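Subject: Structure handover

Hello,

Here is the structure I said I would pass on. Please open it beside this email, and then read the notes below.

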2 protein chains.
Amino acid sequence: MTGATETTAESFERGGGIAVWRRIADAIEAEIAAGNMAQGDKLPTEATLAQRFGVNRHTVRRALAALAADGAVESTRGSGTFVGSARIPYPIGPSTRFSAIMTAEGHVAGAELIGAETVAASRVVAEALEIEEGAPVLQVKLKRLSDGMPVSLGTSFLPLPRFAGFPEALRAQGAVTPALKACGVQDYSRRETRISARLATGAEAATLQLEAERIVLMATGLNVDDAGVPIQFTEALFAASRIELVVGSGL
Amino acid sequence: MTGATETTAESFERGGGIAVWRRIADAIEAEIAAGNMAQGDKLPTEATLAQRFGVNRHTVRRALAALAADGAVESTRGSGTFVGSARIPYPIGPSTRFSAIMTAEGHVAGAELIGAETVAASRVVAEALEIEEGAPVLQVKLKRLSDGMPVSLGTSFLPLPRFAGFPEALRAQGAVTPALKACGVQDYSRRETRISARLATGAEAATLQLEAERIVLMATGLNVDDAGVPIQFTEALFAASRIELVVGSGL
DNA sequence: GGCGATTTGTTCGTATGTATT
DNA sequence: CAATACATACGAACAAATCGC
């Protein structure tokens, strides 16, 4: 590596307004953005960086953790820390079909049913599905895979008794659209999507095969059938380091 | 010697699969979700929580930091840690007008020009604006306010010489739409929006009046005039703790 | 308004666990 | 198996902001 643009310890002294770990994080990020490091390149070890910046290893770790949260870098225990990879575009629109999207991008799509159970509709779910609060709804959790790598973690609520046969159909078909068709839904579309971002909980991180403290994009929305009747209230989590949501673009 | 670490329901012993700080974070989040604590309520002090969970204060801080990143809690030095507040919906669509949105929601909108300078178009910008790479473009940075509180931080690129008078018009008008009109753009619309999430850099956090290490939603997009000619490549940052993006819904 | 106690923020030091090479 | 490298946790000290008296 070139030591030409190396930042010296001089500028990272303690007690200068902005925290040292943040200045280090920005410095490393700038280094990557400047194109000095390519995707997948290995960063110096934490110990090396600590020595280079003249700080404790904790301080470097704090900086690296901030960069790892959004995928700028990826750390692997025992191996090292590496420059992260680009995000896969994921179109969001009136007709969003996971399998179709991934196939079009050249990936192998898959869906794995994690669980299905009957629960009482919460206020939010009931309002969206236009049913009574407390009415029985089917809660389905599924993991979506692209080339075997978990991409999203979805929780859906479907009204009963209309979709009582959905879990079995999903298990049999392996994708949502044909399973809905088996329940008599010829076509469906997305009415509204709300997008927010937060950190993954422990269970979510484990399911998505994410390291700790990673950012997820949360897209909640309502699907309606061709008659405009709400059929599915969904909440999908995407690893922000792997996915970029795309809105519009002629869809 | 660890005999009498009575504490709460669960024991948070070391070395059991999932990290202690994560289990504590999930426990506190569950506590909030259960409705035991309302918006703005003060959490116990870090020292108290550390004692209660039988861990070091660092471990509690790690858990609280995870919750603070997405706004579940908010910490203030010298004061304490409090339960965070709800997010404001922000519609994204073909015709997104900040001032109109905020006024409709009952807020007072404002835009503050941070900087305007002529730069050479990068590959990404050039491609979007359909101009030559390296051609001069106007880079405008502005901060959008709602009721005086910073909501978003935007960077726009506009082709020259068409929009040479834009900064002056923006300064005079105080909003983007009339400023564009002054440059001869009768109407414009959004062609595509890409949404991702990451952590704010030091400078961004400062401008948005965010604490360190907070999550931001990044929406990049292209605006075209009524003739379909690209006029503005924009990148807007939103504090994920304050904003929720809304796509669709009859817009 | 001043001042000390409280509370969160940052950094260093140390030790140990665990996965990779 | 040993060395390397990241992950987690504890302890100590001090800085900086706030709050109550």
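Of the atoms of DNA strand D that lie within 4 Å of the protein, 69% belong to sugar or phosphate, and the rest belong to bases. This is a predicted model, in which local features need pLDDT of at least 70 and side-chain atom pairs count only at pLDDT 80 or more, while totals for chains, interfaces and linings use all residues. Residues are numbered from 1 along each chain as its sequence is written, chains are lettered from A and ligands numbered from 1 in the order in which they are written, and side-chain values use heavy atoms, with hydrogens and water left out.

DNA strand D

DNA strand D is surrounded by 24 residues; a residue is near a strand if one of its heavy atoms lies within 4 Å of it. The closest are His58(A), Val20(B), His58(B), Thr59(B) and Arg77(B). Some polar contacts can be named (a polar contact is a pair of N or O atoms within 3.5 Å; within protein, one must be able to donate a hydrogen and the other to accept it, and residues adjacent in sequence count only if both atoms are side-chain atoms). A polar side-chain atom of His58(B) is 2.5 Å from a base oxygen of DNA strand D. Two phosphate contacts come from chain A: a polar backbone atom of Glu46(A) lies 3.1 Å from a phosphate oxygen, and an N or O atom in the side chain of Arg61(A) lies 2.9 Å from a phosphate oxygen. The elements that give two or more residues to this surface are α3, β1 (73–76) and β2 (80–83) of chain A, together with α1 and α3 of chain B. Helices (H or I, at least four residues) and strands (E, at least two) are DSSP runs, numbered from the N terminus.

By class, the surface near DNA strand D has four nonpolar, 13 polar and seven charged residues. Here Ala, Val, Leu, Ile, Met, Phe, Trp, Tyr, Cys and Pro count as nonpolar, Asp, Glu, Lys and Arg as charged, and the others, Gly among them, as polar.

DNA strand C

Which residues are closest to DNA strand C? They are Val20(A), His58(A), Thr59(A), Arg57(B) and His58(B), out of 24 that surround the strand. Of the strand C atoms within 4 Å of the protein, 66% belong to sugar or phosphate. Arg57(B) places a polar side-chain atom 2.8 Å from a base nitrogen of DNA strand C. A backbone N or O atom of Asn56(A) is 2.9 Å from a phosphate oxygen of the strand, and a polar side-chain atom of Arg77(A) is 3.1 Å from a sugar or linking oxygen.

Chain A with chain B

The contact (heavy atoms within 4.5 Å) takes 33 residues from chain B and 33 residues from chain A. About 3000 Å² is buried between the chains, with 52% given by carbon and sulfur atoms; buried area is the accessible area (1.4 Å probe) that two parts lose on being put together, summed over both.

The rule finds two salt bridges across this interface, a salt bridge being a side-chain nitrogen of Lys or Arg within 4 Å of a carboxyl oxygen of Asp or Glu. Glu244(B) forms a salt bridge with Arg194(A), with the closest N and O atoms 3.1 Å apart. On the side of chain B that touches chain A, the largest share, nine residues, comes from β7(B).

Strand β10 (residues 243–248) of chain A pairs with β7(B) in the antiparallel sense over four bridges; two strands pair if DSSP finds at least two bridges between them. Gly248(A) stands opposite Glu192(B) in β7(B).

Regards
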